[in-house]
Amino acid sequence: MASTSHDLTSLVARILLSTIFILAGIEKITGYEGSAQYMEAYGLPAVLLPGAIVVELGGGLAILLGLFSRYAALVLAVFCLVTAAIFHSTFTGEGSQTQIIMFMKNIAITGGLLLLFANGPGRFALKD
């Protein structure tokens with residue numbers, strides 16, 4: 001019973017955790033120009049956008065399906081830390097409270113991803 005409960009909880013956690021990345025990847029595809037401009041406003045070249053899409057959409061789908069999800073979780077954990085540092089580290093001035101919340105969101109998601117890396121996807125996965 002405990003094993004089934006653990007595996008079901010792991011599946012639900014993977015679904016919840018993956019959703020933000022899948023939706024963000026899709027949004028970057030459908031709003032490509034806006035996403036490119038957003039990156040450039042922070043000093044990053046738009047040429048990096050396809051890589052961000054692959055990491056978010058590909059990593060999110062890998063976690064959802066439980067396909068090499070430990071590795072996907074580790075890559076996405078690093079991605080979350082990097083994006084927090086680049087896009088959400090202005091803690092003073094107008095909008096600073098929103099930036100603090102976004103920064104902490106990325107840190108919290110990183111924690112969940114590291115748990116997935118450490119514990120694996122559970123039984124309901126394609127391949128760990």
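Helix pairs with an angle over 145 degrees count as roughly antiparallel. That cut-off settles the pairing of α4 and α5 in this predicted model: the two axes cross at roughly 165° and come within 8 Å of each other, so α4 and α5 are roughly antiparallel. Helix α4 covers residues 69-87 and helix α5 covers residues 96-119. As for handedness, the α4 and α5 crossing is left-handed. On the α4 side, the residues making the contact include Ser-69, Ala-73, Leu-76, Ala-77, Cys-80, Thr-83 and Phe-87. On the α5 side, they include Phe-103, Asn-106, Ile-109, Leu-113, Leu-116 and Asn-119. Sorted by class, this contact comes out at 17 nonpolar, 6 polar and 1 charged residues.

Stepping back to the whole chain, there are 5 helices and 0 strands, so to speak an α-α-α-α-α run from the N terminus on. Along the principal axes, the C-alpha atoms fill a box of roughly 50 × 30 × 20 Å. The chain has 128 residues, and 34% of them count as buried. Looking at contacts between residues at least 6 apart in sequence, 68% join residues at least 24 apart.Helix α4 also packs against α3 (49-65). Here the axes come within 9 Å and cross at roughly 140°, and α3 and α4 are therefore oblique to each other. This crossing, of α3 and α4, is left-handed. From α3, the contact takes in Ala-52, Val-55, Glu-56, Gly-59, Gly-60, Ala-62 and Ile-63. Facing them in α4 are Ser-69, Ala-72, Ala-73, Val-75, Leu-76 and Phe-79. The α3 and α4 contact divides into 9 nonpolar, 3 polar and 1 charged residues.

The pairing of α2 with α3 has another geometry. Helix α2, residues 32-41, packs on α3 at an angle of about 110°, with the axes 10 Å apart. That makes α2 roughly perpendicular to α3. Tyr-32, Ser-35, Ala-36 and Met-39 of α2 meet Leu-49, Pro-50 and Ile-53 of α3. By class, the contact of α2 with α3 has 6 nonpolar residues, 1 polar and no charged.

What about the nonpolar interior? In soluble globular proteins, nonpolar side chains tend to be buried together. In this chain, the largest nonpolar core has 12 residues, among them Leu-17, Phe-21, Ala-62, Ile-63, Leu-76, Cys-80, Ile-109 and Leu-116. Two or more residues of this core come from each of α1 (2-30), α3, α4 and α5. The largest share, 5 residues, belongs to α4. One member of the core is Ile-109; beyond residues up to four places away in sequence, Ile-109 touches Leu-17, Ile-20, Phe-21 and Cys-80. There is also a second, separate core of 6 residues, which includes Ala-36, Leu-49, Ile-53 and Phe-87. Of these, Ala-36, Leu-49 and Ile-53 also take part in the contact of α2 with α3, and Phe-87 is on the α4 side of the contact with α5.

A few individual positions fill in the picture. Ser-69 lies in helix α4 and takes part in the contacts with both α5 and α3. With a relative accessible area of 0%, Ser-69 is buried. Neighbours within four places in sequence aside, Ser-69 is in contact with Ala-62, Ile-63, Leu-116, Pro-121, Lys-127 and Asp-128.

Gly-66 sits in the loop between α3 and α4. Gly-66 counts as buried too, at 0% relative accessibility. The contacts of Gly-66, again without neighbours within four places in sequence, are Arg-14, Pro-121, Ala-125, Leu-126, Lys-127 and Asp-128. Pro-121, Lys-127 and Asp-128 appear in the contacts of Ser-69 as well as in those of Gly-66. The C-alpha atom of Gly-66 is separated by 8.2 Å from that of Gly-122, a residue 56 places apart along the chain.

Thr-83 is another α4 residue, and one of those making the contact with α5. The relative accessible area of Thr-83 is 14%, and since buried means under 20%, Thr-83 counts as buried. Leaving out neighbours within four places in sequence, Thr-83 is in contact with His-88 and Asn-106. Of these two, Asn-106 is on the α5 side of the helix contact.

Definitions and conventions. Residues numbered from 1 in each chain as written. Predicted model: local features only at pLDDT ≥ 70, side-chain atom pairs only at ≥ 80, totals over all residues. Heavy atoms only, no water. Axes fitted to C-alpha atoms, helices over the stretch in contact; angles between N-to-C directions. Helix = DSSP H or I, 4+ residues; strand = E, 2+ residues; numbered from the N terminus. Parallel < 35°, antiparallel > 145°, perpendicular 65-115°, else oblique. Left-handed = near helix turned anticlockwise from the far one by under 90°. Contact = heavy atoms within 4.5 Å. Nonpolar A, V, L, I, M, F, W, Y, C, P; charged D, E, K, R; others polar. Buried < 20%, exposed > 50% of the residue type's maximum accessible area, 1.4 Å probe, protein only. Core = buried A, V, L, I, M, F, W, Y, C linked by side-chain atoms within 4.5 Å.
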